[in-house]
Structures are given as structure tokens and as C-alpha cells.
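Here's a quick briefing to read alongside the model. Have the fold open while you go through the points.

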Amino acid sequence: MAGKAAILAVSMTLGLAGCSTGIGETIYNGYVLDKDALDLTPVGSSREQVLLSMGTPSTTATFDGEVFYYISQKRERPVAFMKPRIVEQTVVAYYFDKKGVVARRAVYTLQDGKVFDTITRTTPTGGRDLTFLQQLLTGAGSGANAGAAAFRNLLGN
């Protein structure tokens with residue numbers, strides 16, 4: 001009888017231990033920041049030096065010059081079935097000038113602004129976001145007022 005109770009106690013303990021792995025989960029995503037690699041890439045470093053020291057960037061941008069972004073995130077969820085929330089985020093940005101030399105290096109955290117969306121990979125544009133009708137009425141596209149003129153012609157004005 002004591003043997004059956006011991007087996008039951010051990011199986012219950014193992015069963016409950018299996019359930020506890022989904023509680024309090026921490027998830028790390030992205031680039032693992034290395035202080036030594038950051039020290040090797042000060043302002044004035046070449047693009048190649050940044051790539052050799054830091055590795056391939058998480059994402060890049062090419063608006064007013066090239067920018068390399070190295071993104072690291074820490075997410076937590078209290079229970080396995082809940083959506084994880086970001087608790088830490090670090091973005092290291094290298095801004096290059098026209099010659100491919102680091103003009104500025106910045107380190108952003110979650111407290112510096114919005115959460116960087118790594119899933120949709122969307123980048124803000126330089127202009128305004130216009131709907132189709134707004135583009136048609138303002139003439140955005142070929143010619144200054146070509147869209148507005150075409151719309152007026154459709155209406156018969």
C-alpha cells in the first residue's frame with residue numbers, strides 16, 4: 001500500500017512540475033548586444049568595420065543616408081497562453097554619411113519612444129499618407145493638377 005502511495009505522490013509531483021514550465025516565461029528576440037563590439041565601432045568607423053564587428057543588421061533604412069539597426073527585445077508573459085508583452089528593447093543605430101563612414105551612433109531603449117515593429121517591417125515615409133481620393137483631388141502623381149483636372153472632366157465641369 002505504501003508503494004502505491006509513493007508512486008502516486010511521485011507521478012503527481014512530476015505532473016505538476018510539467019505544468020509549471022509555462023508560467024512566467026521570458027522570451028529574448030533579436031540581436032545580442034556585445035559591449036566590446038560597440039567599442040570597436042565608434043563614430044568615424046567604416047561600413048565594413050561595423051559589419052565585421054557587429055554582424056548583419058536586423059534591418060536597414062536608406063532615406064537621407066544609410067542606417068543600420070541592431071534590435072534586441074525581451075518579452076514576458078505571465079502564463080503560456082497569454083500574449084507576450086515587451087518589457088525591454090534596445091535599438092543600436094549606426095547613421096552613415098555619403099562616404100559610408102559612421103556619422104553618428106545612437107542607442108535607443110523602450111523609454112525613448114514607440115515600440116519598433118519587427119513583424120510588419122514598415123518604415124515611415126517622408127511625405128503624407130494620402131487616400132486614393134485625396135491623391136486624385138490634389139493631383140499627386142503625374143503633373144501638378146492632372147488628377148484634379150481629370151476628375152473635373154469626369155464630372156463635366
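Where does Val-79 lie? Val-79 sits in the loop between β3 and β4, with helices (H or I, at least four residues) and strands (E, at least two) taken as DSSP runs numbered from the N terminus. This is a predicted model, in which local features need pLDDT of at least 70 and side-chain atom pairs count only at pLDDT 80 or more, while totals for chains, interfaces and linings use all residues. Residues are numbered from 1 along each chain as its sequence is written, and side-chain values use heavy atoms, with hydrogens and water left out.

**Overall layout**

- The protein has five helices and five strands, and along the sequence they follow the pattern α-β-α-α-β-β-β-β-α-α.
- Of the 157 residues in the protein, 23% are buried (buried means under 20% relative accessible area, exposed over 50%, partly exposed in between, with a 1.4 Å probe and protein chains only).
- Take the contacts (heavy atoms within 4.5 Å) between residues at least 6 apart in sequence: 46% of them join residues at least 24 apart.
- Back at that loop, Val-79 is partly exposed, at 28% relative accessible area. Its C-alpha atom is 4.7 Å from that of Ile-23, although the two are 56 residues apart along the chain.

**How the strands pair up**

- Strands count as paired if DSSP finds at least two bridges between them. β3 and β4 run antiparallel and are joined by 10 bridges; Tyr-70 has Val-92 in β4 as its bridge partner.
- Strand β1 (residues 25–30) pairs with β3 in the antiparallel sense over six bridges, and Glu-25 is matched with Arg-77 in β3.
- Strand β2 (residues 59–61) is antiparallel to β3 too, over three bridges, with Phe-68 as the bridge partner of Thr-60.
- β2 and β3 make a hairpin with five residues between them, and Gly-65 in the turn has a positive phi of about 150°.
- Seven bridges join β4 to strand β5 (residues 102–109), again antiparallel. That hairpin has five residues between its strands, with Gly-100 in the turn at a positive phi of about 85°.
- β3 is mostly covered, with nine of its 11 residues buried.

**Aromatic pairs**

- The structure holds three aromatic pairs (for Phe, Tyr and the six-membered ring of Trp, centres within 6.5 Å; planes under 30 degrees apart are stacked, over 60 edge-to-face and the rest tilted).
- Phe-68 and Phe-96 form an edge-to-face pair, at 4.8 Å centre to centre and 70° between the planes. Phe-68 is in strand β3 (residues 67–77) and Phe-96 in strand β4 (residues 85–96), so this pair ties together parts 28 residues apart in sequence.
- Both partners are tucked away: Phe-68 is buried at 4% relative accessibility, and Phe-96 is buried at 5%.
- Tyr-70 and Tyr-94 have ring centres 6.0 Å apart and planes at 90°, so they are edge-to-face. Here Tyr-70 in β3 and Tyr-94 in β4 are 24 residues apart, and both are buried.
- Ring pairs link Tyr-31 with Tyr-70 and Tyr-94 into a cluster.

**Charges over rings**

- The charged end of Arg-47 sits over the ring of Phe-96, 5.4 Å from its centre (the cut-off is NZ of Lys or CZ of Arg within 6 Å of the ring centre and within 35 degrees of the ring normal).
- Arg-104 lies over the face of Tyr-95, 4.1 Å from the ring centre. Arg-104 in β5 is also the bridge partner of Tyr-95.

**The nonpolar interior**

- The largest nonpolar core has 11 residues, including Tyr-31, Leu-38, Met-54, Phe-68 and Val-102 (a core is a set of buried Ala, Val, Leu, Ile, Met, Phe, Trp, Tyr and Cys residues joined through side-chain atoms within 4.5 Å).
- α2, α3, β3 and β4 each supply at least two residues of this core, and β4 gives the most, with three.
- A second, separate core has eight residues, among them Ala-61, Val-67, Ile-71 and Val-91.

**Around Thr-41**

- Thr-41 is in the loop between α2 (35–39) and α3 (47–54), and at 0% relative accessibility Thr-41 is buried.
- Leaving aside residues up to four places away in sequence, Thr-41 touches Gln-49, Val-50, Ser-53, Met-54, Tyr-94 and Arg-105.
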